[in-house]
Amino acid sequence: MPKRVWLLVIGMLINVTGNSLLWPLNTIYMNDYLGKSLSIAGLVLMANAGAGIIGNLLGGWMFDRLGGYKSIMFGITITLVALIGLNFWHGWPHYVYFMILIGLGGGIVFPSMYALVGTAWPEGGRRGFNAIYLAANVGVALGPAAAGIIASYSFDYLFTANMWMYVLFFLLALVAYREYDTKAAVNTNVLQERSKIDRKAPFYALLLISGAYLLAWVGYVQWQSTISTYTQQIGITLKQYSLLWTINGALIVLAQPLIAPVVKRLEHRIKLQMVVGLIIMLISFIVVAFAEQFTMFVVSMVILTLGEMFVWPAVPTIANQLAPPGKIGFYQGIVNSTATVGRMIGPVIGGVIADLQGMSVMLLFITVFMAAAIIPAVLYDSPLRKETEQ
């Protein structure tokens with residue numbers, strides 16, 4: 001990979017490692033330490049994700065108009081300010097305010113990073129996006145592993161560690177990303193083209209694939225919200241729960257040689273790749289519905305991870321392929337917003353159902369959501385086929 005892609009990969013690793021010190025334990029912190037119900041915790045995560053949606057769209061717009069460097073630095077600065085504040089005030093309701101700011105800042109950064117990979121290495125195709133995805137999941141492996149140990153001493157240390165990781169990310173971006181900034185002149189920005197969408201078929205295809213992405217995230221986010229609290233209720237320790245995410249991140253990296261031949265065979269059949277991944281993810285929720293021992297949660301997490309390895313890198317790749325000139329940031333902003341919508345409504349849906357009907361009913365509902373995600377994934381390219389036929 002080119003040097004500029006490696007720098008983005010390192011930045012994503014630092015970013016996600018810092019974030020994943022906190023996000024897997026958010027619900028546990030609000031439920032066990034701040035004394036809030038799962039429904040309230042879900043609403044806070046919803047507010048965080050809602051700010052992320054605004055950030056995703058703003059980040060995509062800023063990328064197309066101002067360039068990747070400025071948009072990334074703006075997002076990092078917002079997040080860093082929030083993390084500094086969180087170190088001093090992490091009670092109620094200050095926790096809510098800073099979580100909203102963190103959602104906004106992180107939302108700006110992610111689509112800008114993905115769009116920058118697409119422009120920095122256009123000939124790389126899926127490989128650039130997969131590298132960013134792998135970096136994110138190494139962070140997911142490292143962060144929760146450290147978080148479980150740190151939180152066993154004090155949750156306060158988590159806030160401090162997260163802040164210093166973002167200081168490091170800020171310094172890397174400040175020094176390294178300026179040199180290959182994309183200019184607004186290169187990308188005809190969204191404001192200049194907002195009056196109409198010249199080709200509607202790619203945009204409709206993007207909306208369909210985003211629909212599948214949203215439903216999949218509604219299910220996936222339960223592991224960070226309702227399932228995390230459920231594990232505590234049945235006697236699984238905080239360190240064991242954090243270990244599940246370490247397994248998730250480590251498996252994504254270590255299993256690459258195993259799935260690489262499959263991905264290569266499906267390289268030009270990306271729709272089939274997504275459908276296979278969604279089916280595997282669905283199976284994982286069936287397994288977790290019967291899980292009572294830690295080993296069964298491990299099995300479910302392994303299955304879930306194998307599924308996401310097919311699905312998550314495919315979506316930004318499809319968005320990049322569909323994007324007209326000048327709208328790469330815009331399209332990446334939309335798919336990132338969709339994921340954020342899933343992260344926003346997922347904890348609320350899961351929390352309310354779990355509070356009212358119990359975990360068994362909640363997992364049944366989530367399995368239905370995962371099954372429903374397969375439909376738009378199968379149909380996403382139909383607008384393109386219709387356009388070709390006309």
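**Helix 8 and its aromatic neighbours**

Tyr213 is buried, and Trp312 is buried too. Welcome to this predicted model; the tour below follows helix 8, which spans residues 200–220, through its aromatic rings and its packing against helix 16.

**Aromatic rings**

- Trp312 sits in the loop between helix 13 (294–311) and helix 14 (314–322), while Tyr213 belongs to helix 8, so their pairing ties together parts 99 residues apart in sequence.
- The Tyr213 and Trp312 ring centres are 5.5 Å apart with the planes at 80°, so this pair counts as edge-to-face.
- Trp312 also pairs with Trp217, this time stacked, at 4.9 Å centre to centre and 5° between the planes.
- Trp217 lies in helix 8 as well, so its pair with Trp312 joins parts 95 residues apart in sequence.
- Trp217 and Trp312 are both buried.
- One aromatic cluster is formed by Tyr213, Trp217, Tyr220 and Trp312.
- Across the structure there are 12 aromatic pairs.

**Packing against helix 16**

- Helix 8 packs with helix 16 (residues 359–379) at an angle of about 165°, and their axes are 8 Å apart.
- The two helices are therefore roughly antiparallel, and helix 8 passes helix 16 in a left-handed crossing.
- From helix 8, the contact includes Leu208, Ile209, Gly211 and Ala212; from helix 16, the residues include Ile366, Phe369, Met370 and Pro376.
- Sorted by class, this contact has 14 nonpolar residues, 2 polar ones and no charged ones.

Methods: Residues are numbered from 1 along each chain as its sequence is written. This is a predicted model: local features need pLDDT of at least 70, side-chain atom pairs count only at pLDDT 80 or more; totals for chains, interfaces and linings use all residues. Side-chain values use heavy atoms; hydrogens and water are left out. Axes are lines fitted to C-alpha atoms, for helices over the stretch in contact, and angles run from 0 to 180 degrees between N-to-C directions. Helices (H or I, at least four residues) and strands (E, at least two) are DSSP runs, numbered from the N terminus. Angles under 35 degrees count as roughly parallel, over 145 as roughly antiparallel, 65 to 115 as roughly perpendicular and the rest as oblique. A crossing is left-handed if the near helix is turned anticlockwise from the far one by less than a right angle, and right-handed if clockwise. Contact means heavy atoms within 4.5 Å. Ala, Val, Leu, Ile, Met, Phe, Trp, Tyr, Cys and Pro count as nonpolar, Asp, Glu, Lys and Arg as charged, and the others, Gly among them, as polar. Rings of Phe, Tyr and Trp (its six-membered ring) pair if their centres lie within 6.5 Å; planes under 30 degrees apart count as stacked, over 60 as edge-to-face and the rest as tilted. Buried means under 20% relative accessible area, exposed over 50%, partly exposed in between (1.4 Å probe, protein chains only).
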